[in-house]
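Dear colleague,

Here is the structure I said I would pass on. My notes on it follow below.

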Amino acid sequence: MATNEVKVLGSWPSPFAMRPRIALNLKSLTYEYIEEKLWEGKSELLLQSNPVYKKIPVLIHGYNKPICESLIIVQYIDEAWSSGPSILPSDPCERAVARFWAAYLDDKWFPAVKSIGVAKGEEAKKAAIALVEEGLALMEEAYDKCSKGKGYFGGDEVGYLDIAFGSFLGWLRVTEKFNAMKLLDEGKTPGLVKWADRFCSHAAVKDVMPDTDKLAEFGKFVIAKIRAAGAAAEMH
């Protein structure tokens, strides 16, 4: 497949932008990656391709066929290139369970991770940490059930829920680094600890997983901007 047939608009710190790239790598597809420097402004191509949300990632397949929203893109890749390894489970119930946990991670768990960094006061931070730890305990149980004793949520190979959860590991490590704590803990979540190592070293993942130190520097920049905006709002 020619490179110009598939394009991905993304931004290197974004866990959501990682997802379509991992899915394309799993399918052994060639694609053009276009880096969006969102902190400098949004490109005309992004605004044209995703006029509703104006967000990355966007997958452009062929002439002017943009697909938006990271998990929708992953599902599209799985269906559009069905000859490669399957990303979503073939069983309808297992597919529904994978989608359920992916939605939980996006809607509830990752917002709790983000809130740790910008929490005002120790009580708010403790509450956010408790939510994250509660979520990790739930995901440990889900991993045990979904993996059926194999290496990934998807079984023998990286699947839909692996991509959905694994894309957040970089920011989870940054959160651990900023707060001098272990959230993924061998004593509490032994299955996830081993899974995380396997996932990050997978051939489809390792080249798109951002370096923790580089991500931490970007995190400091983001937190400073959020706090400055909050301080400015309080002055009005």
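**Strands and hairpin**

Strand β1 (residues 6-10) and β3 run antiparallel and are joined by four bridges. Within this pairing, valine 8 stands opposite leucine 59 in β3. Please keep in mind that this is a predicted model.

Strand β3 also pairs with strand β4 (residues 66-68), again in the antiparallel sense, over three bridges. Leucine 59 takes part here too, with isoleucine 67 in β4 as its bridge partner.

β3 and β4 form a hairpin with four residues between them. Glycine 62, in the turn, has a positive phi of about 70°. Glycine 62 counts as partly exposed because its relative accessibility is 34%. Across the chain, glycine 62 and glutamate 5 are 57 residues apart in sequence, yet their C-alpha atoms are 4.7 Å apart in space.

The side chains of strand β3 (residues 58-61) are split between two directions: Val58 and Ile60 point one way, Leu59 and His61 the other. All of these residues are buried.

**Nonpolar cores**

The largest nonpolar core has 63 residues, and Trp109, Met139 and Trp195 touch the most other members. Helix α4 (residues 92-118) supplies the largest share of this core, 10 residues. The core draws at least three residues from each of domain 1 (6-81) and domain 2 (92-215). Apart from it lies another core, of eight residues, including Leu9, Ile56, Val58 and Ile60. Val58 and Ile60 are the two residues that point one way from strand β3.

What does tryptophan 109 contact, leaving aside its neighbours within four places in sequence? The residues in contact with tryptophan 109 are Tyr104, Leu131, Val132, Gly135, Leu136, Phe165, Phe168 and Leu172.

**The C-terminal stretch**

UniProt lists residues 91-218 as "domain: GST C-terminal", in an unreviewed entry. In the model, the chain over residues 91-218 is 70% helix and 0% strand. The end C-alpha atoms of this stretch are 40 Å apart.

**Aromatic pairs**

The structure holds 16 aromatic pairs. One of them is formed by phenylalanine 153 and tryptophan 195, and it is edge-to-face, at 5.3 Å centre to centre with 85° between the planes. This pair links distant parts of the chain, 42 residues apart: phenylalanine 153 is in the loop between α5 (122-147) and α6 (160-166), and tryptophan 195 is in helix α8 (residues 190-201). Phenylalanine 153 counts as buried because its relative accessibility is 5%, under the 20% cut-off. Tryptophan 195 is also buried, with a relative accessible area of 0%.

Tryptophan 195 forms an aromatic pair with phenylalanine 165 as well, and that pair is stacked: 5.0 Å centre to centre, 15° between the planes. Phenylalanine 165 lies in helix α6 and tryptophan 195 in helix α8, so this pair ties together parts that are 30 residues apart in sequence. Phenylalanine 165 counts as buried, at 1% relative accessibility.

These three residues belong to one aromatic cluster, formed by Phe16, Trp109, Phe110, Tyr143, Phe153, Phe165, Phe168, Trp195 and Phe199. Trp109 and Trp195 thus appear both in this cluster and among the residues that touch the most other members of the largest nonpolar core. Two further members of the cluster, Phe165 and Phe168, are in contact with tryptophan 109.

Regards

Definitions and conventions: Residues are numbered from 1 along each chain as its sequence is written. This is a predicted model: local features need pLDDT of at least 70, side-chain atom pairs count only at pLDDT 80 or more; totals for chains, interfaces and linings use all residues. Side-chain values use heavy atoms; hydrogens and water are left out. A nonpolar core is a set of buried Ala, Val, Leu, Ile, Met, Phe, Trp, Tyr and Cys residues joined through side-chain atoms within 4.5 Å. Buried means under 20% relative accessible area, exposed over 50%, partly exposed in between (1.4 Å probe, protein chains only). Domain bounds come from an automatic or database domain assignment. Contact means heavy atoms within 4.5 Å. Two strands pair if DSSP finds at least two bridges between them. UniProt positions are given in the numbering used here, feature names are shortened, and annotations may be inferred rather than shown by experiment. Rings of Phe, Tyr and Trp (its six-membered ring) pair if their centres lie within 6.5 Å; planes under 30 degrees apart count as stacked, over 60 as edge-to-face and the rest as tilted.
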